[in-house]
Amino acid sequence: MTAGVRLYRLLFRTLLVRVDPERAHELALGLIRGVAAVPGLSHAVRATLGRRPATPVRTRLGRAVPGVLGLAAGMDKDATTVLGMDMLGFGYVEIGTVTAHPQEGNERPRLWRHPAEQALRNRMGFNNAGARAAAERLRRLRSTRRGRSVVVGVNIGKSRVTPVEDAVGDYATSARLLARWADYLTVNVSSPNTPGLRDLQAVDSLRPILSTVQEEADRAAGRHVPVLVKVAPDLDDDDVRAVADLVTELSLAGVVATNTTIAHAHGPGGLSGPPVHARALEVVRLLRDRLGPGPVVIGVGGITDTPGARAMLAAGADLLQAYTGFVYRGPAWPGSLNRALARSRPRG
Ligand SMILES: Cc1cc2nc3c(=O)[nH]c(=O)nc-3n(C[C@H](O)[C@H](O)[C@H](O)COP(=O)(O)O)c2cc1C
């Protein structure tokens, strides 16, 4: 563990735990955004904490990334902090979940820490400013050279006001508005905090959503847009295999595995961090087995250190993401993990 990560963990244990988790989240994002907006300062942070490994990693998403670890969806829901996350050494950034309609999300409190397990629990409910606002932010981001240089995935979900029967149209609207600015799209059907959402993982419901999103995205962007689907760790093995078969059938780009779990006894909401790691690894392994070598698998769930990240790669993930590990380990962590992984990566 680097000195920066050690210092942050001390700060976390003594000070940050006293701040309401959602308030701490807002403060942290504001700080990262603020630093990224000051040229001299952001340059200094990029050159230290966010220092890049020497060789970029080729991906099957069409673009190389500077590091295999990216930021998982949910932290930068409205694409306000993409340059800041890039500055801290994340290899790529998945923004969202964005919904077609702006929405407030669930009432607070809706985010809890479980420090003994280094876990988080949330029932945020897709609070976000909606697909139009996200598209406008991404348009502005992509109008700069630095903004175009970051690999950005856009995670889309169903609006709460849209009945489950009309999910296809709701996802299609988001895909249409956002595809042009996205390096890839992730169709999120696995968050536990929108009623009925996870039922959309059943292949008969999922097929029309995924095929329509792919069609609309390609048409709107005027190019082929890689589309991935994000699954829950609570699917049973056969359902994971069924999703893999659907990805193959529709020639989609791949799968993001996994979202938070509801298999816990802490209270409402989905649990993230180390408690999901073992199942996330299993799901990645099942997917890789079933999909073969072609499609992309992004492994996410409880990655907190280099051995955990390596285990996820060994299970068959091409790329990694983290959310909770970043909260517990702080701003020096993504860059240091990406550098450590690059040191152990076979060259070529
Ligand atoms: C507070 C919070 C909000 C999240 N919001 C989203 C979201 O909007 N969309 C999504 O696909 N995943 C969301 N996630 C799930 C993460 O992207 C990730 O799949 C999950 O937390 C497991 O990774 P981790 O153990 O590294 O946190 C959220 C997670 C947390 C902790």
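Which residues come nearest to the ligand, of the 28 around it? The views below begin there. This is a predicted model, where local features need pLDDT of at least 70, side-chain atom pairs count only at pLDDT 80 or more, and totals for chains, interfaces and linings use all residues. Residues are numbered from 1 along each chain as its sequence is written.

**View 1. The shell around the ligand.** Ala-72, Gly-74, Ser-272, Tyr-323 and Thr-324 come nearest of the 28 residues around the ligand; a residue counts as near if its C-beta atom, placed from the backbone, lies within 6 Å. The shell holds eleven nonpolar, 15 polar and two charged residues. Here Ala, Val, Leu, Ile, Met, Phe, Trp, Tyr, Cys and Pro count as nonpolar, Asp, Glu, Lys and Arg as charged, and the others, Gly among them, as polar. At least two shell residues come from each of strand 2 (93-99), strand 4 (119-122) and helix 12 (324-329). Helices (H or I, at least four residues) and strands (E, at least two) are DSSP runs, numbered from the N terminus.

**View 2. An open sheet of three strands.** The strand order is 3-4-9, with antiparallel pairing; two strands pair if DSSP finds at least two bridges between them. Strand 3 (111-114) and strand 9 (270-272) are the edge strands, each pairing on one side only. Three bridges link strand 4 with strand 9, and Arg-121 stands opposite Leu-271 in strand 9.

**View 3. Strand 10 (residues 296-300) and its neighbours.** All five of its five residues are buried, meaning that 20 or more other C-beta atoms lie within 10 Å of a residue's own, with C-beta atoms placed from the backbone. Val-296, Ile-298 and Val-300 point one way, while Val-297 and Gly-299 point the other way. In a regular strand, side chains alternate between the two faces of the sheet. Strand 8 (residues 254-257) runs parallel to strand 10 and joins it by four bridges, with Val-256 opposite Ile-298. Strand 11 (residues 319-322) is also parallel to strand 10, through three bridges, and there Leu-319 is the bridge partner of Ile-298.

**View 4. Helix 8 (residues 203-221) and its cover.** Leu-206, Ile-209, Leu-210, Val-213, Gln-214, Glu-216 and Ala-217 are the buried residues to look for. Their cover includes helix 7 (167-178), strand 6 (184-188), strand 7 (227-231) and helix 9 (237-249). After helix 8 comes Gly-222, with a positive phi near 70°.

**View 5. Helix 1 (residues 3-14).** Of its twelve residues, the number buried is zero, so helix 1 lies largely in the open.

Technical notes:
Contact = placed C-beta atoms within 7 Å.
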